Every structure is written in C-alpha cells, then in structure tokens.
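Reader: Could you walk me through one part of this model, the sheet and what packs around it? Keep it informal, but give me the cut-offs as you go.

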Amino acid sequence: GKQWDVVVLDPPKLAPSRKDLERARIKYKKLNKAGLQCVRSGGLLLSCTCSAAMAQTGELLAVIRTAAAETGRQVTVVSVSGPGGDHPVSPAYQEGQYLTAYLIAVN
C-alpha cells in the first residue's frame, strides 16, 4: 500500500469512561496498526487520544507497542505531549487531563 513520511491519528473519544476501556483498546490497536503500515521506514506517527481513560492509565503507549509488534515495525517514542497552553488543566480536576499525543519514529 501507499506510505507517507508522517501519519496523524486523532480519533474522536473512543473510551468515554473506564468501563469502555477494553473496547477502546481494540479500536486504538486497529487504528494504530493501520497507521503504522502507512508510515514509511524512517517516518513519524503521531497517535493521539482525547479519552481520559486511555490518557490517565497510559494505555495508549501499550497499545502502540502491541500494534508495532503485530505489524513488525520498530518504534521509538520521540515525544509525549498533552494539552496546549490554550487548554489549561486544573490540579483540582484530574479528569481534565485527557489529551495525550505520542510522536513515534517508525522503522
């Protein structure tokens, strides 16, 4: 299939709550496997989540690792980012920490 230097995965909220986490893991894995197959060797994958259940548990990185193993791709985390300055998170409202993005180098 066709491959690109950079692939961005930014789906809508797939895990509205922790009870939806297992279903979301399956969807995120399928999405990341497809994304990894579209990145040329030496390219970048940006995988994002806006689901608090995924972001707060660190599940997205585990899903990316599994997707990479299942597609035979070597991956390295280049950076991890959260909400921008225009989206402040109050320490009193932990649920507000729901935006997470992993920039992944793919080989």
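Author: The sheet is an open one built from four strands, running in the order E1-E2-E4-E3 with mixed pairing. Strands here are DSSP runs of at least two residues and helices (H or I) are runs of at least four, numbered from the N terminus; two strands pair if DSSP finds at least two bridges between them. At the edges sit strand E1 (4-9) and strand E3 (75-81), each pairing on one side only. From one strand to the next, the twist averages 15 degrees.

Before going on: this is a predicted model, where local features need pLDDT of at least 70 and side-chain atom pairs count only at pLDDT 80 or more, while totals for chains, interfaces and linings use all residues. Residues are numbered from 1 along each chain as its sequence is written, and side-chain values use heavy atoms, with hydrogens and water left out.

Now zoom in on strand E2 (residues 39-49) and strand E4 (residues 100-106), which pair in the antiparallel sense over seven bridges. Leu 45, for instance, has Ile 104 in E4 as its bridge partner. H1 packs on this sheet and touches E1, E2, E3 and E4, its direction making about 155 degrees with that of E2. Axes are lines fitted to C-alpha atoms, for helices over the stretch in contact, and angles run from 0 to 180 degrees between N-to-C directions.

Leu 103 is a handy residue to click on in strand E4. Leu 103 is partly exposed, at 22% relative accessible area (buried is under 20%, exposed over 50%, partly exposed in between, with a 1.4 Å probe and protein chains only). Its C-alpha atom is separated by 4.5 Å from that of Leu 46, though the two are 57 residues apart along the chain. Not counting residues up to four places away in sequence, Leu 103 touches Leu 44, Leu 45, Leu 46, Thr 76, Val 77, Val 78 and Ser 79; contact means heavy atoms within 4.5 Å.

Back to the helix. H1 (residues 21-38) also packs with helix H3 (residues 59-71), at an angle of about 50 degrees and with the axes 8 Å apart. That makes H1 oblique to H3, since angles under 35 degrees count as roughly parallel, over 145 as roughly antiparallel, 65 to 115 as roughly perpendicular and the rest as oblique.

One last spot is Ala 53, in helix H2 (residues 52-57). Ala 53 is buried, with a relative accessible area of 5%. Ala 53 and Arg 18 are 35 residues apart in sequence, yet 5.2 Å apart in space, C-alpha to C-alpha.
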